[in-house]
Every structure is written in structure tokens, then in C-alpha cells.
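Let's take a walk through this structure, one region at a time. Have the sequence and the 3D view open as you read.

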Amino acid sequence: MKIKQKAVSLKRKHVLKRPIFLMKLSLTMFLVCCLQLMAASSFSQNKISLKLDNASLQSILNQIENQTDYSFVFNNDDIDIKQKFSINILEKDIVSTMNTLFKTTDITYKFRKKLIVLSHQKRSNKTHTIHGTVRDAATGETLIGANIIVVNKNKGAITNTYGFYSLTLPEGNYTLQISYLGYALKEIVITLKTNLNKDFELQPVLNALGEVVVTSTVKNKSQVRNVLSGVNNLTATDIKNLPSFFGEPDITRAVLTQPGVSSVGEGTAGFNIRGGNIDQNLVLLDEAPMYISSHLWGLFSVVNADAIKGMTLYKGGIPARYGGRASFQCWIFAKRKVTLKNLKAKAA
């Protein structure tokens with residue numbers, strides 16, 4: 001009988017331990033949940049909404065302080081509060097806001113109760129080089145003089161005549177802007193931890209301008225065309241109508257028929273302009289200088305009359321773009337009139 005009573009008492013004692021264990025477990029889980037909620041609520045008590053474009057850091061920090069219970073602490077010599085930022089967030093907590101604001105900079109932050117301490121990351125003394133080429137995405141041609149700019153830094157580079165650039169920077173995260181006239185701006189974020197070879201391709205863009213129409217109610221040619229003194233213009237038809245040697249039109253002989261032009265001597269192709277010497281003349285064919293304008297001992301000109309559009313002879317009032325001679329000057333400007341295909345058709 002005693003043994004049975006003892007067994008019953010042990011069983012009751014074992015039954016009483018189970019509710020106590022469950023109570024302790026429930027209390028522990030409740031405390032853990034409370035601590036997590038307190039930790040999360042400490043950063044999410046206030047939601048922040050900002051939409052600013054190219055605003056100063058000072059104005060952004062002031063708006064964050066107005067929307068939260070936090071205050072910012074920083075050294076004015078270390079943090080430039082005048083630098084510009086753009087931010088667009090809606091109903092974000094303070095941690096997400098700070099990460100978005102400083103994601104492309106080396107500014108770090110730390111929470112000290114209701115204070116946010118701003119500082120710069122400790123920069124490494126190591127420097128690395130990013131280099132490469134900038135090309136046209138459509139043709140693959142290298143772009144000369146393209147700009148590679150480091151955002152929020154007073155550093156950048158320009159591509160050389162081969163489209164190559166090179167930029168040396170300390171370790172860290174940087175935002176690069178690549179631009180070229182007539183091409184779309186490209187922006188890229190890089191992490192520089194070692195020497196980096198990075199090529200860029202820019203897409204051409206067309207900026208079409210509106211039509212501009214200039215009209216006049218007065219029919220006076222002097223408004224759009226000035227009369228130049230000492231200038232003679234001859235077309236290809238005029239040159240062919242002048243007397244020629246052996247029936248071949250000759251530009252040099254056509255020049256000698258103009259007033260103020262004299263021949264150097266018989267059997268020579270040289271000519272003098274209003275008393276100047278032959279070495280003071282300048283002959284241009286399609287903007288290329290011709291030092292010898294004749295062949296076969298001066299009997300024929302080296303320019304085919306069928307391949308020019310016209311000729312201009314300057315005897316006075318030489319335009320500044322044709323400078324480089326001492327005194328009286330002669331200028332012959334010819335433009336191609338026919339193509340090789342037309343010449344073959346004419347010969348046939």
C-alpha cells in the first residue's frame with residue numbers, strides 16, 4: 001500500500017512541471033518579440049518623404065530633421081554641406097533614406113541615440129587607374145575629345161586622338177559621366193579596387209532644329225551680295241569660248257586674257273598680277289595649292305577644263321583666309337563639275 005501511494009505522488013509531481021516549462025517558454029518568446037519590435041520601431045517611428053532635385057546637402061538634412069526626431073552632427077571642415085544631391089523617396093525609414101542619400105559618396109553615418117553622426121570613410125592611400133576607349137555605338141569609330149567626368153569630384157579626363165582615356169583615382173565608389181557632342185549622356189557607377197579597363201559606347205542622338213526662313217520685301221541684290229573690286233569670275237563655258245592653243249581650252253591662257261595680268265615671257269606658263277612677281281602668286285585647286293600649274297614646257301595647263309566648274313581671280317582686296325603672300329596675288333579656285341562616270345559617257 002505504501003508503494004502505491006509513493007508511485008502516485010511521483011506521477012503528480014511530473015505532471016506539475018510541464019505547465020511551468022510552457023509558461024517560461026511563452027514568456028521568453030514574448031520578450032524576444034518585444035525587443036525586436038522595440039529595435040525596429042526605434043528606426044521606423046517616422047516615415048520620410050523627399051523629392052528634391054539638385055538640392056544642397058544642408059537643405060536635405062534640415063527636411064529630414066523636420067520629419068523625424070533625429071538631429072545631425074558633423075564637422076563643417078569634413079562634410080561639404082553645399083554639395084548638390086538629388087533624392088526621390090516616399091514613406092521610407094531613416095535607414096533607407098540615409099542609404100539612398102549617400103550611396104554614391106564616401107560619407108558614412110552612425111546612430112547615437114537621437115543623433116546621427118556624419119563622417120567620411122577612411123580613404124586608402126592606394127590609387128588605381130581606370131582606362132579604356134570611347135566609341136560610337138553605331139559605327140565603332142573612336143571619339144576624339146569625349147569627356148569622362150567623376151560626379152561630385154573635381155576630376156575628369158578627355159580622350160586623345162585615338163579615343164583613349166586614363167584616369168587615376170583612390171580606392172572607392174565613383175559615378176562616371178561620359179559625354180560627347182551629338183551623343184546621349186551615359187552614366188555608370190564603378191567600384192575601384194584595382195586597375196580597371198573599361199570601354200564605353202555612346203549612342204548618337206539627333207537634335208533637329210526648326211526651320212528658319214529669311215524673307216525680304218525689298219528686291220535689292222545689294223542686300224545679300226556685295227560687289228568686290230579686282231575680282232574676275234570665269235565659268236567653264238567662258239573658258240572654252242576664249243581663244244585656245246591647238247583648240248584645247250587652257251585655264252592659264254584664260255587668266256592672261258584678264259586685265260591686269262601679263263605673261264612672264266613667250267613659251268612660259270607664268271604670269272604676273274599688276275606688277276607682282278611669279279613667286280608672289282598662289283594657285284589653288286579645290287583648296288589645294290598648286291606649285292606648278294603647267295606641263296610640257298608651259299604649253300599646256302595641268303588642269304582639265306572639262307573637270308572644273310569655274311575660276312576666280314583675285315587681283316586686289318585679297319580675303320584674309322587666303323593670306324601668305326607678300327604683295328599682288330592670284331587665286332584660282334576650281335570645283336569639280338563632272339564625275340568619272342560622266343567623263344566615260346562623254347568619251348563613248
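## Before we start

Helices and strands here are DSSP runs, at least four residues long for a helix and at least two for a strand, and they are numbered from the N terminus. With that naming in hand, Thr-133 can be placed in strand E6, which covers residues 127–136. Keep in mind that this is a predicted model.

## A small open sheet

Look for an open sheet of three strands, ordered E2-E5-E4, where the pairing is mixed. Strand E2 (71–73) and strand E4 (107–112) are the edge strands; each has a single partner, so one side of each has no neighbour in the sheet. From one strand to the next, the twist averages 30°.

E2 pairs with strand E5 (residues 115–120) in the parallel sense, over three bridges. If you want a spot to find that pairing, Ser-71 sits opposite Leu-115 in E5. Lying across E2, E4 and E5 is helix H3 (residues 94–101), which runs at about 160° to E4.

## The largest core

In soluble globular proteins, nonpolar side chains tend to be buried together. In this model, the largest nonpolar core has 20 residues, and Ile-60, Leu-101 and Leu-118 have the most contacts inside it. At least two residues of this core come from each of strand E1 (48–56), helix H2 (57–67), strand E3 (84–92), H3 and E5. H2 gives the largest share, with four residues.

What does Leu-118 touch, once residues up to four places away in sequence are set aside? Its contacts are Leu-61, Phe-72, Val-73, Phe-74, Ile-79, Met-98, Phe-102, Ile-107, Thr-108 and Tyr-109.

## One face of helix H2

Which residues of H2 are buried? They are Leu-57, Ile-60, Leu-61 and Ile-64. Viewed down the axis of H2, these buried residues fall within an arc of 95°, so they line one face of the helix. The cover over them includes E1, E2, E3, H3 and E5.

## Strands E6 and E9

Further along the chain, E6 and E9 run antiparallel and are joined by seven bridges. Thr-127 stands opposite Pro-170 in E9. In a regular strand the side chains alternate between the two faces of the sheet. You can follow that pattern along E9: Tyr-165, Leu-167 and Leu-169 point to one face and are buried, while Phe-164, Ser-166, Thr-168 and Pro-170 point to the other and are not.

Now back to Thr-133: is this residue buried or exposed? Its relative accessibility is 14%, so Thr-133 counts as buried, the cut-off for that being under 20%. Leaving out neighbours within four places in sequence, Thr-133 is in contact with Gly-163, Phe-164, Tyr-165, Lys-198, Asp-199 and Phe-200.

## A buried threonine in a loop

Thr-159 belongs to the loop between strand E8 (156–158) and strand E9 (164–170). With 4% relative accessibility, Thr-159 counts as buried. Where do its side-chain polar contacts go? A polar atom of the Thr-159 side chain lies 2.9 Å from the backbone oxygen of Leu-143, and the side chain also reaches the backbone nitrogen of Ala-146 at 2.7 Å.

Not counting residues up to four places away in sequence, Thr-159 touches Val-134, Leu-143, Ile-144, Gly-145, Ala-146, Ile-148, Phe-164 and Tyr-165. Two of those names, Val-134 and Leu-143, turn up again in a second, separate core of 19 residues, which also includes Tyr-183 and Leu-192.

Note on methods: Residues are numbered from 1 along each chain as its sequence is written. This is a predicted model: local features need pLDDT of at least 70, side-chain atom pairs count only at pLDDT 80 or more; totals for chains, interfaces and linings use all residues. Side-chain values use heavy atoms; hydrogens and water are left out. Two strands pair if DSSP finds at least two bridges between them. Axes are lines fitted to C-alpha atoms, for helices over the stretch in contact, and angles run from 0 to 180 degrees between N-to-C directions. Contact means heavy atoms within 4.5 Å. A nonpolar core is a set of buried Ala, Val, Leu, Ile, Met, Phe, Trp, Tyr and Cys residues joined through side-chain atoms within 4.5 Å. Buried means under 20% relative accessible area, exposed over 50%, partly exposed in between (1.4 Å probe, protein chains only). A polar contact is a pair of N or O atoms within 3.5 Å; within protein, one must be able to donate a hydrogen and the other to accept it, and residues adjacent in sequence count only if both atoms are side-chain atoms. The arc is that of the directions from the helix axis to the C-beta atoms.
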